[in-house]
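Colleague: I should be grateful for a close look at one part of this model, with its setting in the fold.

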Amino acid sequence: MLNIGLIGCGRISNNHFQAIAQQQDAQVLACCDIDEERAREAADKYNILSWTVNYEEMLNNPNIDLISICTPSGLHPEHGIRAAQAGKHVLTEKPMACRLNEADELIRVCEEAGVKLFVVLQNRLNPSIQLVRRAFEEGRFGQIYMITSNVFWTRPQDYYDMAPWRGTWALDGGAFMNQASHYVDMVQWFGGPVEEVKSITATLARNIETEDSGSVIIRFQSGAIGSINVTTLTYPQNLEGSITILGEKGTVRVAGNSMNKIIQWDFADTRNYDAKWEESSTNPNSVYGFGHIGYYRNVIDSLQGKDTPSSDGLEGRKSLRLLEQIYRYTKADKH
Ligand SMILES: NC(=O)c1ccc[n+]([C@@H]2O[C@H](COP(=O)([O-])OP(=O)(O)OC[C@H]3O[C@@H](n4cnc5c(N)ncnc54)[C@H](O)[C@@H]3O)[C@@H](O)[C@H]2O)c1
């Protein structure tokens, strides 16, 4: 039985509690939040034995094997480092940090402590994306020419005002680092190492420090060209969260609001699973999707030596590196 302590009982923690509840060989032993009411409410709602406002108290519990970090993004390294130093495995929400050097420190401390580091990139496990990945790994696209991703979502000012960390450089980052981070990850997962990045970002309508909109173009070392367009200003509701891959011998487009639905599947060759592309669509009730369930399964299996991590610290670092490049080449580098 994997015993988990969770820190940060806010919005995304519900996906974690629910995903863990679906595993037979894992349970949440304790939860922690600086907001006492949130910690207590989560414990009541999910039948968790103990709750605390004191992280050290949770870290001192010798029965806890892994800490799941669901605090604001800029706090992930600090919370992860303290967990690793207490000898716990670390699972952190995306992005693993807001700065690459802080992510590197987290990776280093986990290595030094001999604990595993997992970064939640649950969209990689969407059935639609898994099918595309299979085709990709089988080389069915041939040479990839272009990868493009659109994240046209709606986040009103109320959303940013919900918590003081939102829309800040120190703890959140902007539309690329928060809302589009899975899309940045997906584009680099299929595109590979990056050669060159150019971007434009703007804070067009929201009262926040960081960008609410932006476009980036990427030249991959393979020669392929990538682009990502993101805005949180879409009227009146989320319109699209998509990725399109255009290759020499294949074209795929995964759309829906969160890359949950394949709408184009064309390859020069055929495979027996081609018939399944329409079945791979899911209909999640939020853009977070269902991926946390599969993500925890992979984490547990990896810790039991039955699988390899779907996204560990080094994998999570790749998209953070691209995010840093995106910000470096925009006016937003005033932060
Ligand atoms: N994987 C995904 O698709 C996905 C989706 C949403 C959010 N996230 C990530 O999850 C993280 C949290 O986002 P959220 O929307 O749940 O935010 P939230 O503001 O709803 O929750 C954060 C919680 O952390 C608590 N907290 C803050 N500082 C703390 C501290 N020092 N110690 C203990 N608790 C502390 C807050 O009180 C709050 O309850 C972010 O990094 C975000 O990027 C990931």
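Modeller: The following account takes strand 2 as its subject. The model is predicted: local features need pLDDT of at least 70, side-chain atom pairs count only at pLDDT 80 or more, and totals for chains, interfaces and linings use all residues. Residues are numbered from 1 along each chain as its sequence is written.

Strand 2 spans residues 26-32; strands (E, at least two residues) and helices (H or I, at least four) are DSSP runs numbered from the N terminus. Of its 7 residues, 5 are buried, that is, 20 or more other C-beta atoms, placed from the backbone, lie within 10 Å of their own.

Strand 2 has parallel partners, where pairing requires that DSSP finds at least two bridges between two strands. With strand 1 (residues 2-7) there are 6 bridges, and Val28 of strand 2 faces Ile4. With strand 3 (residues 50-52) there are 3 bridges; here Ala30 stands opposite Ser50, and Cys32 has Thr52 as its bridge partner.

Helices link these strands. Helix 1 (residues 13-21) joins strand 1 and strand 2 in a right-handed β-α-β unit, and helix 2 (residues 36-45) completes another right-handed unit with strand 2 and strand 3. Right-handed means that, with the strands pointing away from the viewer, the path from the first strand over the helix to the second runs clockwise.

In the wider fold, strand 2 belongs to an open sheet of 6 strands with parallel pairing and the order 3-2-1-4-5-6. The edge strands, strand 3 and strand 6 (117-119), each pair on one side only.

Key. A residue is buried if 20 or more other C-beta atoms lie within 10 Å of its own, exposed if 12 or fewer, and partly exposed in between; C-beta atoms are placed from the backbone.
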